[in-house]
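Work through the exercises below with the model at hand, and try each task before reading the solution that follows.

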Amino acid sequence: MNSLIRTWLYLVSGLVSALIGWNIGQVLLTDFGWLKQIPELILFPSVAVSLAVGMSVTEIFVSNPTRFKLSLRTAKESLKWAIPLGLFSGIISGGICQILFMPAFRIPPTMVRIFGWLLIGGFAGLAEGFTWRQRSIEAGNKERADNRLRASAFGGLGASLMAAIIFEFLRKSIGDQLPGLQNFEDPLGFGILGLCLGFVFSCTSSPSYLVALRAGGGFEFTGDDYSGLGADDDDLSVSPSINQDSEGTIKLSFINNSEMVVIEEGLSIQLPSSGKIHIGAAAKSHIRIPALPTHVADLELKGRETILRPNGKFFGVIEINGQKLFSKGSVTLKHNNVITFYTVQNNAINPKKFYRFVYYNRFLDPQA
C-alpha cells in the first residue's frame, strides 16, 4: 500500500476515533446529569478507549488490506487489549486531571491537560503495539517485537506532546480573536490529538523492510529429520535446511523461530541486508535442498535489492512467477515474486517434484 495512502488512513482514523470518543462522553454527560461534576473522568476514558480501539483496528486492516475477513477476526481479538488499556489510561488520566483541576492545587490547566494527554497517547501506543505483537509473524523475533512495542508507546507519548503544543498555540494565538472558540476547545483539542496519534502511528507501523523467503509448495512436513546419520549430499532423506556461513558472515534464521534449521512450509527465512546466499544440494549451501543440482543459484543482496543469479548450467530448473528462465542472466526480484526450483533426476528435470519460495522485501500481509 502506498505510504501516502497509509498516512491519510491513519490521520482520518485518528481524527474520527477521537471525535467519536468525545461524542460518547458528551452523550453520557447529557443523559446522566450528575456526571457533569466529574467531566474529565468521563471524557478521558471515552476518548482513550476510542483512540486505542481505532488505532489498533487501523493497524490491522492497513497491514493486511487484502484479507478482510481475516482482519475482521483479528480486529475482534485486538479488543481484549485495546479496551482495557484505553479504559485504564482514561480512568487514571481523567481521575488525576479531575483532582489537579481543583482550585486548591493552583496548577496551570495547560500542565494538567498535557499530563492527561500523555497518558492517553502512551497507552494508545501500547494497545497498538500489543495488537501487532499478537498477530504478526515478525513478533517471533523478540528483539524486533520489543523494539516495535517501545516505538509505539514512545510514539504515542511524542504525538500527545506534539498535539498539546499545537493546541495551546492555537488557543493563545487565535483564542482572543475568536471568543466562541472556547465552546469547541474539547473537540478541537481531542481532534488534534487524534490527528497527531494517527500521523505518528503511520510512521511507527510502516512496513518492515526485512528481506525474506517464505517456504511454500514442496516443503510440506514429511517426517522427522534423520540427516547427520551419514547420508550423502544428494540423499533424499536429507531435509531441506538453512546453514550458517563457515566464516559467520551470513546468518540465516526463521523469523518466527530462530532455533529451527529445517525448512517447512509456511516458515519465512530472514535474509541479511547484504551478502551472497548459495542455494543447492551441497552440504555447505546456505539454503540446502536435496535433489537440486549441487549449486543451482545465488541470491545477491544489496540493501533493498535482491538479485537472483542462476548457475549457467542449471538455469532451466528455475521458474519466476511460473515462467521458466531461458538464459543464465540475473533477475532482480520484486516483492511477492514466486521462485520455483525443479529437482533433477537422472540428469533430467523432474516436473513433478519442486520447491517453491515467495520472496518478500516487506511484511504488508504477514498472513498471506
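**Exercise 1.** Locate Asn 336 among the strands and decide whether it is buried, partly exposed or exposed.

Solution. Asn 336 sits in the loop between β11 and β12 (338–345), where strands (E, at least two residues) are DSSP runs numbered from the N terminus. Its backbone has a positive phi of about 80°, although the residue is not a glycine. With a relative accessibility of 43%, Asn 336 counts as partly exposed, because buried means under 20% relative accessible area and exposed over 50%, with partly exposed in between (1.4 Å probe, protein chains only). The model is a predicted one, in which local features need pLDDT of at least 70 and side-chain atom pairs count only at pLDDT 80 or more, while totals for chains, interfaces and linings use all residues. Residues are numbered from 1 along each chain as its sequence is written, and side-chain values use heavy atoms, with hydrogens and water left out.

**Exercise 2.** Place Ala 291 in the chain and state whether it is buried or exposed.

Solution. Ala 291 belongs to the loop between β6 (287–288) and β7. Like the asparagine of the preceding exercise, which is not a glycine, Ala 291 is a non-glycine residue with a positive phi, here of about 70°. Its relative accessible area is 16%, so Ala 291 is buried.

**Exercise 3.** Find the loop that holds His 286, and identify which backbone atom lies 2.9 Å from a polar atom of its side chain.

Solution. His 286 is found in the loop between β5 (274–280) and β6, and it counts as buried because its relative accessibility is 3%. The atom sought is the backbone nitrogen of His 278, which lies 2.9 Å from a polar atom of the His 286 side chain.

**Exercise 4.** Trace the order of the six-stranded open sheet, then follow the pairing of β7, β8 and β11.

Solution. The order is β2-β6-β5-β7-β8-β11, with mixed pairing; two strands pair if DSSP finds at least two bridges between them. At the edges are β2 (241–242) and β11 (331–332), each of which pairs on one side only. Strands β7 (residues 297–302) and β8 (residues 305–310) run antiparallel and are joined by six bridges. Within this pair, Asp 298 stands opposite Arg 309, and Ala 297 has Pro 310 as its bridge partner. The hairpin has two residues between the strands, and Gly 303 takes a positive phi near 65° in it. On to the sheet edge, β8 and β11 are antiparallel and joined by two bridges, with Leu 308 opposite Val 331.

Methods:
Helices (H or I, at least four residues) and strands (E, at least two) are DSSP runs, numbered from the N terminus. A polar contact is a pair of N or O atoms within 3.5 Å; within protein, one must be able to donate a hydrogen and the other to accept it, and residues adjacent in sequence count only if both atoms are side-chain atoms.
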